2 protein chains.
Amino acid sequence: MEELTERKKQILNIIIQNYLETGEPVGSRTISKYPDLNFSPATIRNEMADLEEMGFIIQPHASAGRIPSDKGYRFYVDGLIAQKDREITEIKDVMFERTERMEQVLKQVVKVLANNTQYATMISAPAISGTKVKFVQLSPVNEHQLLSVVMMSGNIVKNKLIELDSPLTAEETLKLNMLLNSSLNGLTIGDINLALIAQMKSQAGEFEDIIEQVLKTVADTIEDEEGLEIYTSGATNIFKYPELADSQRAKDFIEAFEEKEELKDLIADIESTGEGEPGTGIQVYIGDESPIGSMKDCSVVTATYELGDGIKGTVGIIGPKRMDYKNVMDNLTSIKKKLEQIVKG
Amino acid sequence: MEELTERKKQILNIIIQNYLETGEPVGSRTISKYPDLNFSPATIRNEMADLEEMGFIIQPHASAGRIPSDKGYRFYVDGLIAQKDREITEIKDVMFERTERMEQVLKQVVKVLANNTQYATMISAPAISGTKVKFVQLSPVNEHQLLSVVMMSGNIVKNKLIELDSPLTAEETLKLNMLLNSSLNGLTIGDINLALIAQMKSQAGEFEDIIEQVLKTVADTIEDEEGLEIYTSGATNIFKYPELADSQRAKDFIEAFEEKEELKDLIADIESTGEGEPGTGIQVYIGDESPIGSMKDCSVVTATYELGDGIKGTVGIIGPKRMDYKNVMDNLTSIKKKLEQIVKG
DNA sequence: TGTTAGCACTCGAATAGTTGGAGTGCTAAT
DNA sequence: ATTAGCACTCCAACTATTCGAGTGCTAACA
């Protein structure tokens with residue numbers, strides 16, 4: 001893949017910026033009108049054909065202008081991330097005064113962010129990310145019940161009664177115990193990802209139900225202890241963006257916000273991949289890059305905030321791919337700073 | 001208004017039931033095909049014209065069949081409520097086993113209900129409804145701040161600092177104190193309804209902002225103490241009903257579920273009006289009867305559950321006007337029973 | 001060689017007609 | 001009181017038709 005010439009970059013940026021503003025496909029005539037680009041539409045068209053061939057832009061249909069592809073957005077966003085001088089948009093709300101409880105603060109944060117950006121927002125409560133599984137023990141209670149005991153670091157123990165469809169032999173129980181311990185020992189919640197779960201299930205064969213229930217216990221334990229609580233706001237902002245507002249998509253999207261399970265997966269993914277550009281703590285998922293199916297036509301921008309001692313949380317904004325990335329990143333940076341100040345100040 | 005003849009009742013019931021099933025306007029031909037009604041379409045049409053004149057049914061447009069009006073639904077629902085032999089649809093989920101915390105149970109309840117009915121559901125945590133306002137005191141702190149102190153029964157005290165646009169004279173403060181105490185003293189949260197608020201505001205004249213803030217403090221106090229928590233589920237089920245699924249309506253509806261403030265108003269209203277038919281504890285709001293604007297095209301069916309000692313909560317289902325009232329009422333009755341058993345068993 | 005004017009072409013969005021059927025109200029006959 | 005018959009209405013679905021924005025290509029040009 002050849003490098004982009006300066007002029008191509010310029011045109012690509014114009015296309016993206018214009019599309020972000022208007023939401024309409026951008027044509028060659030429009031671009032040629034930009035003052036810093038003195039070329040005829042025909043010339044622009046040639047360049048656009050190249051850009052399309054390289055995969056940066058797309059033609060929705062033959063007689064329309066171009067819109068950015070995911071790769072195009074990625075180019076644009078990477079450019080934004082590179083320029084470090086993030087402008088701190090002062091959050092002017094009277095928040096963070098009289099912080100009765102962290103919970104209140106977080107609820108305010110998502111609301112303010114949703115208001116400022118007009119996108120959907122979420123935040124995870126600060127949590128210690130180090131809690132690890134120490135051991136797991138399945139013990140038969142009777143023919144139809146199995147007691148699962150999970151111990152986490154810090155000697156936190158949690159029990160759960162699992163109902164069995166059919167009795168388990170002692171040997172089978174032993175095998176399951178070994179599988180669980182060898183797979184889970186020493187792992188944090190962040191390490192337990194979908195791939196691992198799938199793998200364990202396949203190894204467990206017919207007992208995958210039990211695996212699932214044990215994992216649920218582990219998850220419950222960690223959540224209870226760490227309080228992996230997620231607050232959201234502005235999910236209905238999705239209706240502001242016609243390309244997302246059809247009912248099936250909107251339903252799935254809002255459901256993800258109502259259930260919050262998928263959001264937890266997302267946050268786990270974020271925290272496991274580590275922060276994007278060093279220092280900023282800001283990460284951007286464009287379209288399919290996000291692990292959540294119902295958000296494949298969205299972009300997700302997140303920031304991780306740290307309160308010291310490994311206590312951290314994630315705050316994120318989810319909107320259409322053509323979101324105002326700059327504003328969103330500024331807001332997140334600002335919020336991140338504010339949150340981190342709470343502890344110190 | 002003349003009484004309905006037996007035949008008119010029969011026809012009206014057929015129209016409603018058919019419309020509930022199909023969602024399509026019901027024509028005279030369709031009705032005449034019912035086995036227990038041996039009349040020609042023409043005869044039915046005459047009756048239908050009468051029913052329309054009386055306001056029980058509506059013609060969406062000139063060449064369509066009829067659909068029930070709110071009054072029609074009311075007729076039908078009243079008929080349902082009258083027949084006391086509510087069928088207890090056994091909730092077959094494994095719920096209520098191992099009730100770790102009430103919170104968990106309630107979250108399960110709304111989910112199960114939403115699944116069973118395919119409507120949106122809500123439940124308020126059981127709360128002591130007896131907490132009353134003992135006194136309210138406004139004290140000037142300085143020119144721009146006013147301290148409001150609210151004491152509730154049980155000697156629960158809550159403070160809030162109110163910002164003033166302009167200073168208040170001693171006389172004005174006294175007047176406000178008197179107004180607040182005379183209006184609020186001895187009232188429970190249920191007694192403080194919109195009408196009362198409006199009345200107080202009008203009496204307060206230019207100080208209505210202050211009244212509002214004081215009332216907010218009262219509400220906050222009660223909530224904190226009583227934990228008026230609301231759990232919801234299935235808000236996105238609204239997309240299943242085309243007549244409600246247009247984006248503006250859906251947005252407002254789902255927003256109400258996200259914010260929960262309006263739901264609290266609704267529950268306050270329910271608890272203040274007392275239970276509908278004695279014994280059942282089931283109440284039905286059809287369309288405009290509900291106090292929530294975003295639900296004017298919906299029906300709300302609620303049941304109040306009591307855990308004894310004045311501790312009670314409200315569980316409700318919100319769906320389209322053409323909801324399956326019978327199934328919904330059965331489900332609510334069943335849940336109500338189950339919840340009340342938790343304490344006893 | 002890079003740029004541009006000109007032109008035929010394509011495609012979607014919007015608008016306007018066309019049709020068919022379901023349902024009605026009215027009248028006159030039973 | 002009931003019903004058959006009929007003219008009428010209106011929506012929903014479908015089918016042109018038009019319009020304009022935008023393209024790719026070719027040939028001319030600097």
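A polar contact, as the term is used on this tour, is a pair of N or O atoms within 3.5 Å; within protein, one of the two must be able to donate a hydrogen and the other to accept it, and residues adjacent in sequence count only if both atoms are side-chain atoms. The model is predicted, so local features need pLDDT of at least 70 and side-chain atom pairs count only at pLDDT 80 or more, while totals for chains, interfaces and linings use all residues. Residues are numbered from 1 along each chain as its sequence is written, chains are lettered from A and ligands numbered from 1 in the order in which they are written, and side-chain values use heavy atoms, with hydrogens and water left out.

**Stop 1: DNA strand D**

Select Arg7(B) together with DNA strand D: a polar side-chain atom of Arg7(B) lies 3.1 Å from a phosphate oxygen of the strand. Then add Ser40(B), where a polar backbone atom is 2.9 Å from a phosphate oxygen of DNA strand D. On chain A, pick Ala64(A), whose backbone places a polar atom 3.4 Å from a sugar or linking oxygen of DNA strand D. Two or more residues of the surface near this strand come from H3 of chain A and likewise from H3 of chain B, and H3(B) provides the largest share, four residues. Helices (H or I, at least four residues) and strands (E, at least two) are DSSP runs, numbered from the N terminus.

Now widen the selection to residues near DNA strand D, meaning those with a heavy atom within 4 Å of it. There are 21 residues around the strand, and Ser28(A), Arg66(A), Ser40(B), Thr43(B) and Ser63(B) come nearest. Of the atoms of DNA strand D within 4 Å of the protein, 71% belong to sugar and phosphate.

**Stop 2: DNA strand C**

Move to DNA strand C, which is surrounded by 21 residues, the closest being Arg7(A), Ser40(A), Thr43(A), Ser63(A) and Ser28(B). Sugar or phosphate supplies 73% of the atoms of this strand within 4 Å of the protein, and bases supply the rest. For a contact to a base, select Arg45(A), which has a side-chain N or O atom 3.4 Å from a base oxygen of DNA strand C. On chain B, polar backbone atoms of Ser63(B) and of Ala64(B) are each 3.4 Å from a sugar or linking oxygen of DNA strand C. Colour helix H3 (41-53) of chain A and helix H3 (41-54) of chain B, since each supplies at least two residues of this surface; H3(A) gives the most, with four residues.

**Stop 3: inside chain A**

Hide the DNA and show strand E8 (residues 230-233) of chain A, where Ile230(A) and Thr232(A) on one side and Tyr231(A) and Ser233(A) on the other are all buried, that is, under 20% relative accessible area, with exposed over 50% and partly exposed in between (1.4 Å probe, protein chains only). Strand E3 (residues 120-124) of chain A runs antiparallel to E8(A) and is joined to it by four bridges, and Met122(A) stands opposite Thr232(A).

Finish at Tyr325(A), which touches (heavy atoms within 4.5 Å) several residues, among them Leu20(A), Tyr73(A), Val284(A) and Val301(A), not counting residues up to four places away in sequence. Zooming out, chain A has 11 helices and 11 strands, and 47% of its 345 residues count as buried.

Technical notes:
Pairing = 2+ DSSP bridges.
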